Amino acid sequence: SVTQADTLTNDINAGQTEVKTIDTVLYKSETLHNFSSTADKDTFKIIVTGQSIKDGQFKFQIITKDGQQILDESYETTMLLDYGLKDKPTDKEIEEYIKTRIDKFFNEDNFHQPAISKTDSFDEDYSEKEIWDDIIADQTSIGFYYLIGEEAGQQIAFSKKLRKVVSYYNCC
């Protein structure tokens, strides 16, 4: 979806006028899913802004039902490119690939409950023991997996104890 840029005009003391341009939203994806709560759904969203989809930035945000932003990460859109992109793609092919990655970002397969099952093994190379123990102890926790770049896979959950989103597994 595309949204036109808005311009706001503010009068400043000396009667001068300042025009501010709000970034144009070039593409976005949004879904509702249980995450910080098993009772209420949070809003997961990606918003792409910038000069073009290929040369833009995206925000990945999670917002609770009551409007609290519990995750706000920003990346270059090129961080959505991975091994699936063919050799020597055109700009249009790159943009279509980025859109496809955004469209699939919140697939149901990327959510899992419990976030860490009792049979999963801790690996100190990819996890912090304290966070792992916190999340595995809560078998109602909901995990979400996403990939940034070609190999930066993140698994996150909401820690009820710490009252924030934590990364409990970060690996290739």
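Exposed means over 50% relative accessible area, and buried means under 20%. Partly exposed residues fall in between. These words recur in the legends below, which describe a predicted model.

**Figure 1. Lys-65 and Asp-40 form a salt bridge between two loops.** The closest N and O atoms of Lys-65 and Asp-40 are 3.7 Å apart. Lys-65 sits in the loop between E5 and E6. Asp-40 sits in the loop between E3 and E4. The pair links distant parts of the chain, 25 residues apart. Is Lys-65 buried or exposed? Lys-65 has a relative accessible area of 63%, so it counts as exposed. Asp-40 has a relative accessible area of 32%, so it is partly exposed.

**Figure 2. Four strands make an open antiparallel sheet.** The strand order is E3-E4-E5-E6. Strand E3 (25-34) and strand E6 (69-76) are the edge strands. Each edge strand pairs on one side only. From one strand to the next, the twist averages 10°. Strands of a sheet pair through backbone hydrogen bonds. Look next at E5, residues 57-63, beside E6. How many bridges join E5 to E6? Seven bridges join them, and the two strands run antiparallel. Ile-62 stands opposite Leu-71 in E6.

**Figure 3. Helix H1 packs on the sheet.** H1 covers residues 91-104. The helix touches E3 and strand E4 (41-49). The direction of H1 makes about 20° with that of E3.

**Figure 4. Phe-60 is among the residues with the most contacts inside the largest nonpolar core.** This core has 29 residues. Phe-35 and Phe-144 join Phe-60 as the residues with the most contacts inside the core. Which elements each supply at least two residues? They are E3, E4, E5, E6, H1, strand E8 (143-148) and strand E9 (152-159). H1 gives the most, with four residues. Now focus on Phe-60 and leave aside its neighbours within four places in sequence. Its contacts include the aromatic residues Phe-44, Phe-105, Phe-106, Phe-144 and Tyr-146. Ile-46 and Leu-71 are also in contact with Phe-60. So are Lys-45, Asp-72 and Glu-73.

**Figure 5. A second, separate core has nine residues.** Among them are Ile-116, Ile-136, Val-166 and Tyr-168.

**Figure 6. Strand E9 pairs with E8 and with E10.** Six bridges join E8 to E9, and these strands run antiparallel. Leu-147 has Gly-153 in E9 as its bridge partner. How many residues lie between E8 and E9 in their hairpin? Three residues lie between them. Gly-149 in that turn has a positive phi of about 70°. E9 also pairs with strand E10, residues 164-171. This pairing is antiparallel, over seven bridges. Phe-158 stands opposite Val-165 in E10. Ala-157 has Val-166 in E10 as its bridge partner. E9 and E10 form a hairpin too, with four residues between them. Arg-163 in this turn has a positive phi of about 60°. Why is E9 largely enclosed by the rest of the structure? Seven of its eight residues are buried, so the strand is largely enclosed.

**Figure 7. Asp-82 and Arg-101 form a salt bridge.** Their closest N and O atoms are 3.1 Å apart. Asp-82 lies in the loop between E6 and H1, and Arg-101 lies in helix H1. The salt bridge therefore ties together parts that are 19 residues apart in sequence. Are these two residues buried or exposed? Asp-82 is buried, and so is Arg-101.

**Figure 8. Lys-129 and Asp-133 form a salt bridge in helix H2.** Here the closest N and O atoms are 3.0 Å apart. Helix H2 covers residues 129-137. Lys-129 and Asp-133 are four residues apart, so about one helical turn separates them. Lys-129 has 46% relative accessibility and counts as partly exposed. Asp-133 also counts as partly exposed, at 34%.

**Figure 9. Lys-54, Asp-55 and Asp-91 are linked in a network of salt bridges.** Side chains of opposite charge can pair when their charged atoms come close. How many salt bridges does the structure hold? It holds 11 salt bridges.

Methods: Residues are numbered from 1 along each chain as its sequence is written. This is a predicted model: local features need pLDDT of at least 70, side-chain atom pairs count only at pLDDT 80 or more; totals for chains, interfaces and linings use all residues. Side-chain values use heavy atoms; hydrogens and water are left out. Two strands pair if DSSP finds at least two bridges between them. Axes are lines fitted to C-alpha atoms, for helices over the stretch in contact, and angles run from 0 to 180 degrees between N-to-C directions. Contact means heavy atoms within 4.5 Å. A nonpolar core is a set of buried Ala, Val, Leu, Ile, Met, Phe, Trp, Tyr and Cys residues joined through side-chain atoms within 4.5 Å. Buried means under 20% relative accessible area, exposed over 50%, partly exposed in between (1.4 Å probe, protein chains only). A salt bridge is a side-chain nitrogen of Lys or Arg within 4 Å of a carboxyl oxygen of Asp or Glu.
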